[in-house]
Amino acid sequence: MSDKVLVVSGASSGLGLASAIKFAKQGYAIGLIDIDEVKGKKAEEKIQSLGRKGVFCKCDISDKSQVEAALEKISKELGRVDVLHNNAGIEVRGSILDCTEEDWTKLYDVNLKGMYYMSRAFVPLIMEQGKGAVVNTGSILGFRSVPERAAYSSSKGAIDTLTRSMAMDLAEKNIRVNCVVPGAIDTPLLRGSINDSPDPEETEGILNGKSVFNRMGTAMEVANVVYFLASDEASFVTGATYFVDGGWSIL
């Protein structure tokens with residue numbers, strides 16, 4: 001397994017970094033894609049401290065030219081790709097009446113068009129290996145509603161449909177495509193939302209209550225499922241949506 005390569009977007013923190021660490025511990029070299037250069041370099045150092053090769057690419061995935069540059073760098077330095085984790089995304093708050101056109105466009109450019117650019121760039125490298133996997137990161141908010149998330153929730157719901165379409169189209173290439181759906185996961189992104197709320201303590205309590213375990217999940221709990229979906233243990237799993245939400249979806 002030591003010669004396999006994972007490419008993960010949104011790799012500098014949270015779910016993306018946890019995924020990178022999980023795969024590195026399983027022997028993968030890691031291509032780290034992120035717009036934050038400072039955190040991205042630290043993530044690269046973390047992977048290297050685990051004894052694996054890490055290659056960071058500063059990249060805004062909504063910019064096709066930057067994705068192509070990242071492809072060139074990773075192809076040159078790592079030589080192959082076996083797994084693509086389409087994880088990067090942004091959140092914009094606001095109802096359909098409040099969300100500006102600029103915010104709506106920016107969010108969709110990252111959350112969906114960015115996934116398209118990344119897949120168009122890196123899936124051909126997976127094809128060269130004869131088999132592989134793509135794991136897309138959705139969100140519980142693509143399936144359950146909370147106030148003022150019109151753009152975010154609709155984009156995450158679309159990822160579920162996109163995953164199934166990709167799975168159908170790439171099956172003939174022996175590439176499996178699945179979607180992981182996190183619930184309330186204690187990441188820097190969610191922690192920022194908690195701290196920005198009018199009552200952080202109350203907000204944290206509400207989020208804990210969205211799980212039958214009465215707690216938020218960890219990024220590594222999501223990464224464990226991502227790794228399973230990418231591994232040969234899931235060789236007959238494709239087009240599936242796996243909820244890692246502590247039971248939010250059954251409440």
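Arg-149 is buried, since its relative accessible area is 15%, and buried here means under 20%. In this predicted model, the side chain of Arg-149 meets that of Glu-91 in a salt bridge, with 2.7 Å from N to O. The pair links distant parts of the chain: Glu-91 belongs to the loop between strand S4 (83–86) and H4, Arg-149 belongs to the loop between S5 and H5, and the two are 58 residues apart. Unlike the buried Arg-149, Glu-91 counts as partly exposed, because its relative accessibility is 27%. Side chains of opposite charge can pair when their charged atoms come close.

A search of the whole structure finds ten salt bridges. One of them joins the side chains of Lys-113 and Asp-109, at 3.9 Å from N to O. These residues are four apart in helix H4, so about one helical turn separates them. Both ends of this bridge are partly exposed: Lys-113 has a relative accessible area of 37%, and Asp-109 has one of 26%. Another salt bridge is formed by Glu-221 and Arg-215, at 2.8 Å from N to O. Here too the partners are partly exposed, with a relative accessibility of 32% for Glu-221 and 37% for Arg-215. Elsewhere, salt bridges that share partners join Asp-3, Arg-80 and Asp-82 into one network.

The residue before Arg-149 in the numbering deserves attention for its backbone. Glu-148 has a positive phi of about 60°, although it is not a glycine. Most residues other than glycine have a negative phi. Glu-148 lies in the loop between strand S5 (132–137) and helix H5 (150–170), and it is partly exposed, with a relative accessible area of 44%. Asn-174 also has a positive phi, near 60°. It is found in the loop between H5 and strand S6 (175–182) and is partly exposed, at 43% relative accessible area.

Between these two loops runs H5. This helix has 21 residues and reaches 30 Å from its first C-alpha to its last, close to the 30 Å expected at 1.5 Å a residue. Its buried residues include Ala-151, Tyr-152, Ile-159, Met-166 and Leu-170, but also Lys-156 and Asp-160. The buried residues of H5 pack against H4, S5, S6 and strand S7 (241–244).

Helix H3 (residues 64–78) can be examined in a similar way. Its 15 residues should span 21 Å at 1.5 Å a residue, and its end C-alpha atoms are indeed 21 Å apart. The buried residues of H3 are Val-67, Ala-70, Ile-74 and Leu-78. Because they cover an arc of only 60° around the axis, they lie on the same side of H3. They pack against strand S1 (5–9), strand S2 (29–34), strand S3 (54–58) and helix H4 (101–127). On the other side of H3, Glu-72 and Lys-76 are exposed. Just after this helix, Gly-79 takes a positive phi of about 85°.

Finally, nonpolar side chains are also found at the surface. Val-212, Phe-213, Ile-250 and Leu-251 make a nonpolar surface patch of about 470 Å². Val-212 lies in the loop between helix H7 (200–208) and helix H8 (219–230), and it counts as partly exposed because its relative accessibility is 46%.

Methods
Residues are numbered from 1 along each chain as its sequence is written. This is a predicted model: local features need pLDDT of at least 70, side-chain atom pairs count only at pLDDT 80 or more; totals for chains, interfaces and linings use all residues. Side-chain values use heavy atoms; hydrogens and water are left out. Patches are made of residues with over 30% relative accessible area and no salt bridge: like charges are joined within 9 Å, nonpolar side chains (Val, Leu, Ile, Met, Phe, Trp, Tyr) within 5 Å. Accessible areas come from the Shrake-Rupley method with a 1.4 Å probe; for residues, only the protein chains shown count as cover. A salt bridge is a side-chain nitrogen of Lys or Arg within 4 Å of a carboxyl oxygen of Asp or Glu. Buried means under 20% relative accessible area, exposed over 50%, partly exposed in between (1.4 Å probe, protein chains only). The expected span of a helix is 1.5 Å times one less than its number of residues. The arc is that of the directions from the helix axis to the C-beta atoms. Contact means heavy atoms within 4.5 Å.
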